[in-house]
Amino acid sequence: AVPVAAAGHDGRVVTVAHRGASHAAPENTLAAVDLARSLGIAWVENDVQRTRDGTLVVLHDPTLARTTDVEQKFPGRAPWKVGDFTWKEISALDAGAWKGPRWRGQRVPSLAQYLDRVERTGRNLVLEVKQPQDHPGLAADIVRTLRDLGWLDRAHVARRLLVQSFDAGSIRTVHRLRPDVRTAFLGTPAVADLPAYARFTDQINSLHTTLSPGYWAAVHALTGPHGRRLEAYAWTVDDPARAVTLARWGADGIITNRPDLVAAALRRA
Ligand code: G3P
Ligand code: CA
């Protein structure tokens, strides 16, 4: 087992701002990181994909249509898939106006820009390897970028970084390339399959409606690749009362669009 320091939450339930503080700020933008800092939320989650010319960018959907003005700027390029556009094209899009006029001018950040803002604001990152089926080799590209930008030193891997994906193959790749990095599988595998996951992932992060206290007991009974008990986060939990229930069931973390409300409820509970 590769020794790493304890996850940076001192035994408390971690509140993670889903796509940044995305209830008010436009998701996956630098403004959403800044708002998480203003709210005192230590962890932000993002989604990473790749442009046609190989730049890693932070965006959730497989296409640019919902969260940018791509349809106006490039009307002939439907269905506006992320991997069909260059970084120069994507970086010129507006990624804030859809959320309200005050956010006009926000851009789709490159992963490098996003990491820089997370670093400067002193936040920690749950990075999702997104749509890897559209971006062959994405997990390895992300590991290389994290390394080149100083995010795989001892302090970051011990306390400030978690890499997650719905795609078990991507998580296995991250674990193989950098066994010191904490990883999470997004899903709710059958209890009988959990020991296989525990060989390459430290956490099982599940859609909260699929969970039960018994399931988490099975997760917590296992030891992950770093010799610690497997952890369990729930997503996407916007009802503070539900977050408190999940905390009582043993949540190690709650991923939420309302980190302000959830963190306050967890503090009171
Ligand atoms: O962090 C969990 C969550 O982000 C997974 O769902 O679709 O919002 O990426 P999605
Ligand atoms: Ca995500």
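Which elements cover the buried residues of α1? In this predicted model, the cover includes the strands β1 (14-17) and β2 (43-50) together with the helices α4 (111-120) and α11 (259-268). The helix in question spans residues 30-39, and its buried residues are L30, A31, A32, V33, L35 and A36. An α-helix has 3.6 residues a turn, so residues three or four places apart point the same way. Directly after α1 comes G40, a residue whose phi is positive, near 75°.

From this helix one can step back to the whole chain, in which there are eleven helices and nine strands. The radius of gyration is 18 Å, close to the 18 Å that the globule rule gives for 269 residues, so the protein is as compact as a globular protein of that length. Taken along the principal axes, the C-alpha atoms fill a box of roughly 55 × 40 × 35 Å. Of the 269 residues, 47% are buried, and among the contacts with a separation of 6 or more, 59% are accounted for by residues 24 or more positions apart.

The UniProt record, an unreviewed entry, places the feature "domain: GP-PDE" at residues 13-266. Over that stretch the chain is 34% helix and 17% strand, and the C-alpha atoms at its two ends are 8 Å apart.

A further part of the picture is the strand β7, at residues 203-207, which is mostly covered, with four of its five residues buried. On one side of the pairing scheme, β7 is joined by three bridges to strand β6 (residues 183-186), and the two run parallel; within this pairing, L186 has N205 of β7 as its bridge partner. Strand β8 (residues 231-235) is also parallel to β7, and five bridges join these two strands, with S206 standing opposite A234 in β8.

The residue L186 leads on to the ligand, since it reappears in the shell there. Which residues surround ligand 1? They are H18, E45, D47, H60, E128, L186, W235, T236 and I255, and by class this shell has three nonpolar, three polar and three charged residues. The elements already described can be traced in this shell: E45 and D47 fall within the residue range of β2 (43-50), L186 belongs to the range 183-186 of β6, and W235 lies in the range 231-235 of β8.

Methods: Residues are numbered from 1 along each chain as its sequence is written. Chains are lettered from A and ligands numbered from 1 in the order in which they are written. This is a predicted model: local features need pLDDT of at least 70, side-chain atom pairs count only at pLDDT 80 or more; totals for chains, interfaces and linings use all residues. UniProt positions are given in the numbering used here, feature names are shortened, and annotations may be inferred rather than shown by experiment. A residue is buried if 20 or more other C-beta atoms lie within 10 Å of its own, exposed if 12 or fewer, and partly exposed in between; C-beta atoms are placed from the backbone. Two residues are in contact if their C-beta atoms, placed from the backbone, lie within 7 Å. The radius of gyration is taken over C-alpha atoms; the globule rule is 2.2 Å times the number of residues to the power 0.38. A residue is near a molecule or strand if its C-beta atom, placed from the backbone, lies within 6 Å of it. Ala, Val, Leu, Ile, Met, Phe, Trp, Tyr, Cys and Pro count as nonpolar, Asp, Glu, Lys and Arg as charged, and the others, Gly among them, as polar. Two strands pair if DSSP finds at least two bridges between them.
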